[in-house]
Amino acid sequence: ASETLGQYQVGGTALRNWVPTRALASCSQPWSDPHHYGYHPYTHSTLYNGMVAPFGTGPTTFSLVLWDQAESDSYPQTLPGYYGCQTLAHVNSWRALLQDATLPWILVHLQPYTGSESGASPPQVAAGALWGDPLAELRHAQLAALQLGHVGYASAMDLGDSTSPYGNVHFQNKQVLSARIV
């Protein structure tokens, strides 16, 4: 995924990088291999500390958060069940930082893509056979945030794009998704 915060864009990150470590304390994830942190060697909260926490130092107002991220959290990088806990910690920690308990939050329900087209590793493809569809499990975990107030989601299930030069996980027609949100 590719996240944009202000003028910055960071791609291929796991959700735990965008959440303060203390907020993740209740979400236990027994990693056996440090390479299971997604595509980049970030540790917990690296991007949160550098790019999000500074917004808490002064009067900052967000009109809403649109969160389009998750592919880097599919199994085996993140064990099933952990992403839902992280999502709740993510929403709650950003709202606390910005002192806005009702900050509207929209999650993009992960678009489809295939292992061969997305460059999934053989263990990820094998995991699909063992665990079911890792992306379907991740989509289900994304919905955990719906238990919070002022949270919604926009589906991208029909927006997979095998012709995208960025890989079919990064569909080109973002305007369709934007229209669904407004």
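Four aromatic pairs are found in the structure, which is a predicted model. One of them joins Phe 55 and Phe 62 in an edge-to-face arrangement, with 5.3 Å from centre to centre and 85 degrees between the planes. Phe 55 counts as partly exposed because its relative accessible area is 27%, a value between the 20% and 50% cut-offs.

Another of the pairs brings together Trp 67 and Trp 94. This pair is also edge-to-face, the ring centres lying 5.5 Å apart and the planes meeting at 80 degrees. Here the reader may like to follow the chain itself: Trp 67 belongs to strand β3 (residues 65–67) and Trp 94 to helix α2 (residues 82–97), so that the pair links distant parts of the chain, 27 residues apart. Both of these tryptophans, Trp 67 and Trp 94, are buried. The two are also members of a cluster, in which ring pairs link them with Trp 18 and Trp 105.

Helix α2, which carries Trp 94, also contains Thr 87. Thr 87 is classed as buried because its relative accessible area is 2%, and the cut-off for this class is under 20%. Which residues is Thr 87 in contact with, leaving aside its neighbours within four places in sequence? These are Leu 15, Leu 107, Ala 141, Gln 142 and Ala 145.

Definitions and conventions:
Residues numbered from 1 in each chain as written. Predicted model: local features only at pLDDT ≥ 70, side-chain atom pairs only at ≥ 80, totals over all residues. Heavy atoms only, no water. Phe/Tyr/Trp six-rings, centres within 6.5 Å; stacked < 30°, edge-to-face > 60°. Buried < 20%, exposed > 50% of the residue type's maximum accessible area, 1.4 Å probe, protein only. Helix = DSSP H or I, 4+ residues; strand = E, 2+ residues; numbered from the N terminus. Contact = heavy atoms within 4.5 Å.
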